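Trainee: I should like to go through this model and ask, at each step, what justifies the terms applied to the residues.

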Amino acid sequence: MERTLSIIKPDGVKKGLIGEVIGRFEKAGLKVAAMKMIHMSKKEAEGFYAVHRGKPFYGSLTDFMSSGPCVVLILEGEKAISRNRELMGATNPKDAAPGTIRKAFAANVEQNIVHGSDAPETAAYEIGYFFNALEICS
Ligand code: CMP
């Protein structure tokens with residue numbers, strides 16, 4: 001059993017894709033163990049994406065992520081990290097496989113509808129960034 005952090009980004013919320021995206025997770029057998037809607041400040045977005053500080057897209061990415069509400073979720077299941085990444089598709093929708101969330105809905109490499117943790121260590125950091133133990137239902 002593994003947990004991963006998922007974010008439905010501001011573009012996904014604006015496009016009315018919350019239900020569509022969560023439906024894909026559930027149909028694939030991933031369980032929602034926690035969920036909330038938040039509107040990150042620029043500072044909160046910078047903290048979340050601190051690993052990308054210094055990259056050319058960092059300023060624009062953190063502007064985008066603080067531009068409107070997101071839905072943050074914890075997904076739980078066997079191999080949840082890799083299975084969520086398969087459902088999302090490649091970061092750049094141009095490279096994403098057919099049938100994936102990003103291929104279907106993402107406008108570009110930055111506004112790519114969803115985020116998902118990429119490894120157990122990042123999942124632990126990212127889950128702790130948004131949720132405390134009392135907010136997680138196993
Ligand atoms: P995400 O999976 O949330 O992880 C980091 C985010 O940075 C990524 O999705 C994109 O939204 C963004 N990103 C990654 N690479 C680029 C890029 N080359 N140009 C702009 N944004 C990027």
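Mentor: Let us begin with a definition: a residue is called buried when its relative accessible area is under 20%, and exposed when that area is over 50%. Please bear in mind that this is a predicted model.

Trainee: Why is Ile-113 called buried?

Mentor: The relative accessibility of Ile-113 is 0%, and the limit for the term is under 20%. Ile-113 therefore counts as buried. The residue lies in the loop between helix H6 (101-105) and S4. Its phi is near 70 degrees, a positive value in a residue other than glycine.

Trainee: Lys-79 also has a positive phi although it is not a glycine. Is Lys-79 buried or exposed, and what makes it so?

Mentor: Phi of Lys-79 is about 50 degrees, and the residue belongs to the loop between strand S3 (70-77) and helix H5 (80-88). Its relative accessibility is 58%, and exposed requires a value over 50%. Lys-79 therefore counts as exposed.

Trainee: What makes Ser-117 a buried residue, and which polar contact joins its side chain to another side chain?

Mentor: Ser-117 has a relative accessible area of 0%; since the term applies under 20%, Ser-117 is buried. Its place is the loop between strand S4 (114-116) and helix H7 (120-130). The side chains of Ser-117 and Glu-126 are joined by a polar contact of 2.8 Å, and the cut-off for such a pair of N or O atoms is within 3.5 Å. In addition, the side chain of Ser-117 reaches the backbone nitrogen of Leu-5 at 3.1 Å.

Trainee: Turning to helix H4, how do you know that Leu-61 is buried?

Mentor: Leu-61 is found in helix H4 (residues 58-65). With a relative accessible area of 7%, against a limit of under 20%, Leu-61 is therefore buried. Thr-62 is also found in helix H4, and because its relative accessibility is 0%, Thr-62 counts as buried. Tyr-58, in helix H4 as well, has a relative accessible area of 10% and is therefore buried.

Trainee: Which atom of Tyr-58 lies 2.8 Å from a polar atom of the side chain of Thr-62?

Mentor: The backbone oxygen of Tyr-58 lies at that distance from the Thr-62 side chain.

Trainee: Where does the ligand sit, and which residues surround it?

Mentor: The ligand sits in the largest pocket. Its surroundings include Lys-9, Tyr-49, His-52, Phe-57 and Leu-61. Also among the surrounding residues are Arg-102, Glu-110 and His-115. By class, the shell divides into 4 nonpolar, 4 polar and 3 charged residues.

Trainee: What makes the approach of Lys-9 to the ligand a polar contact?

Mentor: A polar side-chain atom of Lys-9 lies 2.8 Å from an oxygen atom of the ligand, and a pair of N or O atoms within 3.5 Å meets the definition, so the term applies. For Glu-110, a backbone N or O atom lies 2.9 Å from a ligand oxygen atom. In His-115, an N or O atom of the side chain is 2.8 Å from an oxygen atom of the ligand. The protein covers 78% of the 450 Å² of accessible area that the ligand has on its own.

Technical notes:
Residues numbered from 1 in each chain as written. Predicted model: local features only at pLDDT ≥ 70, side-chain atom pairs only at ≥ 80, totals over all residues. Heavy atoms only, no water. Near = heavy atom within 4 Å. Polar contact = N/O pair within 3.5 Å; in protein donor to acceptor, adjacent residues only side chain to side chain. Areas by Shrake-Rupley, 256 points an atom, 1.4 Å probe, with all protein chains shown as cover. 1 Å grid on protein atoms, 1.4 Å probe; cavity = no way out; pocket = protein on both sides within 12 Å on 5 of 7 lines; lining within 4 Å. Sits in = over half its atoms within 2 Å of the grid points. Nonpolar A, V, L, I, M, F, W, Y, C, P; charged D, E, K, R; others polar. Helix = DSSP H or I, 4+ residues; strand = E, 2+ residues; numbered from the N terminus. Buried < 20%, exposed > 50% of the residue type's maximum accessible area, 1.4 Å probe, protein only.
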